[in-house]
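Thanks for asking me to take a look at this one. I have put my reading into numbered points so that you can follow along with the structure open.

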Amino acid sequence: MGLIGGDERADQAPPPRSPGRRRALEVLTAHGAGCELRLLLRDGRGLWGLLSLLRSEGGRAFGPDDAERLARISSPLITLLRRYATAGEPRTARPYLPAGVVIVGADNEVRSLTPEARAWLGEIDPAHGMAPEWMPMVAMREITLAARRHLIDPSAPAPVACSPAAFLGRRVAVHAQPLDADGTGDVAVILQEATGDLLLPVFSAWHGLTARERQIVQHLHSGAAPKQIARSLSVSPHTVNTHVKTVFRKTGVSGRDELLATLGA
């Protein structure tokens with residue numbers, strides 16, 4: 001839970017402001033907002049999203065009661081997002097798009113992009129009704145800032161995001177890498193099909209796979225047979241087959257071929 005602007009009351013001394021907090025307040029003010037309340041939607045399976053509520057400048061600020069009410073709806077929101085993420089598994093082939101690269105400058109503005117990246121951005125063009133008008137710009141900046149943070153602090157979330165198939169009829173992976181040693185210069189943002197090892201972590205979270213089940217899916221994806229997997233994990237073939245059946249049930253597939261097709265193998 002995060003509160004920006006709401007804890008700065010006229011009868012209290014304002015808290016110390018970090019550069020990131022100052023920038024956030026500047027953005028809020030520039031858009032006529034006085035405060036923002038954020039709720040990170042996270043459970044044992046992973047991070048599902050971020051809910052952000054804004055109040056206009058001059059209006060009543062968010063407070064602890066608002067935060068408490070928002071926290072109470074986090075569980076049903078996560079359930080809805082999980083259903084959304086798993087509801088639209090791709091069953092029909094879409095035209096393949098090669099990976100595209102966007103170069104974002106130190107000011108977090110796009111400097112250049114490859115033709116392949118233009119094709120990807122065309123997929124989520126707000127004019128097509130596939131995304132809100134603000135989404136491409138905000139998503140590009142968020143992944144860029146995440147890459148800069150991760151370089152400075154490796155414990156920060158990795159700058160990788162995968163969208164579910166329900167959004168565009170295909171899974172899209174976006175990840176970013178700073179092009180300098182300190183993360184203050186250009187950042188390369190890569191857009192590509194989310195398949196295989198790139199997809200597996202979020203796919204496992206979406207479907208609630210355990211760490212062992214994810215291991216087995218990874219072995220299946222690499223082409224290993226159940227007996228080979230059993231030897232590798234020092235378990236019996238019966239145990240592997242039991243895990244495989246559980247994976248099929250959780251992911252809604254009928255067999256290994258359909259599972260690998262879902263992962264884009």
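The notes below go from the chain overall to salt bridges, helix packing and a few single residues.

1. **What we are looking at.** Please keep in mind that this is a predicted model. The protein chain has 265 residues, of which 35% count as buried. Its secondary structure comes to 11 helices and eight strands. The accessible surface is about 15000 Å², and carbon and sulfur atoms account for 56% of that surface.

2. **Contacts along the sequence.** Take the contacts between residues at least 6 apart in sequence: 56% of these join residues at least 24 apart. One pair that sits apart in sequence but can be located in space is Ala61 and Cys35, with their positions 26 residues apart in the numbering and 6.3 Å from C-alpha to C-alpha. Ala61 is found in the loop between β3 and α2 (64–72). The relative accessible area of Ala61 is 24%, so it counts as partly exposed, whereas Cys35 is buried at 2%.

3. **Cysteines.** How many disulfides does the structure hold? The count is zero. Besides Cys35, which is buried at 2% relative accessibility, you may want to look at Cys162, which counts as buried at 16%.

4. **Salt bridges, and the arginine network.** Side chains of opposite charge can pair when their charged atoms come close. The structure holds 11 salt bridges. Arg55, Arg60, Asp66 and Arg69 are linked in a network of such bridges. Within this network, the side chains of Arg60 and Asp66 meet with N and O 3.5 Å apart. The two partners sit in contrasting surroundings: Arg60 is exposed, with a relative accessible area of 52%, while Asp66 is buried at 9%.

5. **A bridge from a loop to a helix.** Glu109 and Arg141 form a salt bridge through their side chains, at 2.3 Å from N to O. Glu109 lies in the loop between β4 (100–104) and β5 (110–113) and Arg141 in helix α5 (residues 135–152), so the pair ties together parts that are 32 residues apart in sequence. Both ends are partly exposed, Glu109 with a relative accessibility of 38% and Arg141 with 26%.

6. **A bridge between two helices.** Which residue forms a salt bridge with Lys250? The partner is Glu213, and the closest N and O atoms are 3.0 Å apart. Because Glu213 lies in helix α8 (residues 211–221) and Lys250 in helix α10 (residues 237–251), this pair ties together parts that are 37 residues apart in sequence. Glu213 is buried, with a relative accessible area of 5%, whereas Lys250 is partly exposed at 26%.

7. **How α8 and α10 pack.** Two packed helices are described by the angle between their axes and the distance between the axes. Here the axes of α8 and α10 come within 10 Å and cross at roughly 95°, which means that α8 is roughly perpendicular to α10. On the α8 side, the contact is made by Arg212, Glu213, Ile216, Val217 and Leu220. On the α10 side, Val240, His243, Val244, Thr246, Val247 and Lys250 take part. Glu213 and Lys250, the salt-bridge pair of the previous point, thus belong to this contact too.

8. **Helix α7 and its cover.** In helix α7 (residues 196–206), the buried residues are Gly196, Leu199, Leu200, Phe203, Ser204, Ala205 and Trp206. Which elements cover them? The cover includes β3 (46–56), α3, β6 (160–163), α8, α10 and α11 (256–262). The two helices of the previous point, α8 and α10, are therefore among the elements that cover α7. Following α7 comes Gly208, whose phi is positive, near 70°.

9. **Arg82 in α3.** Is Arg82 buried or exposed? With a relative accessible area of 18%, Arg82 is buried, the cut-off being under 20%. Its place is in helix α3 (residues 74–87). Leaving aside neighbours within four places in sequence, Arg82 is in contact with Asp43, Arg45, Trp48 and Trp206. Of these, Trp206 is one of the buried residues of α7, and α3 is among the elements that cover that helix.

Terms used:
Residues are numbered from 1 along each chain as its sequence is written. This is a predicted model: local features need pLDDT of at least 70, side-chain atom pairs count only at pLDDT 80 or more; totals for chains, interfaces and linings use all residues. Side-chain values use heavy atoms; hydrogens and water are left out. A disulfide is a pair of cysteine sulfur atoms within 2.5 Å. Buried means under 20% relative accessible area, exposed over 50%, partly exposed in between (1.4 Å probe, protein chains only). A salt bridge is a side-chain nitrogen of Lys or Arg within 4 Å of a carboxyl oxygen of Asp or Glu. Helices (H or I, at least four residues) and strands (E, at least two) are DSSP runs, numbered from the N terminus. Contact means heavy atoms within 4.5 Å. Accessible areas come from the Shrake-Rupley method with a 1.4 Å probe; for residues, only the protein chains shown count as cover. Axes are lines fitted to C-alpha atoms, for helices over the stretch in contact, and angles run from 0 to 180 degrees between N-to-C directions. Angles under 35 degrees count as roughly parallel, over 145 as roughly antiparallel, 65 to 115 as roughly perpendicular and the rest as oblique.
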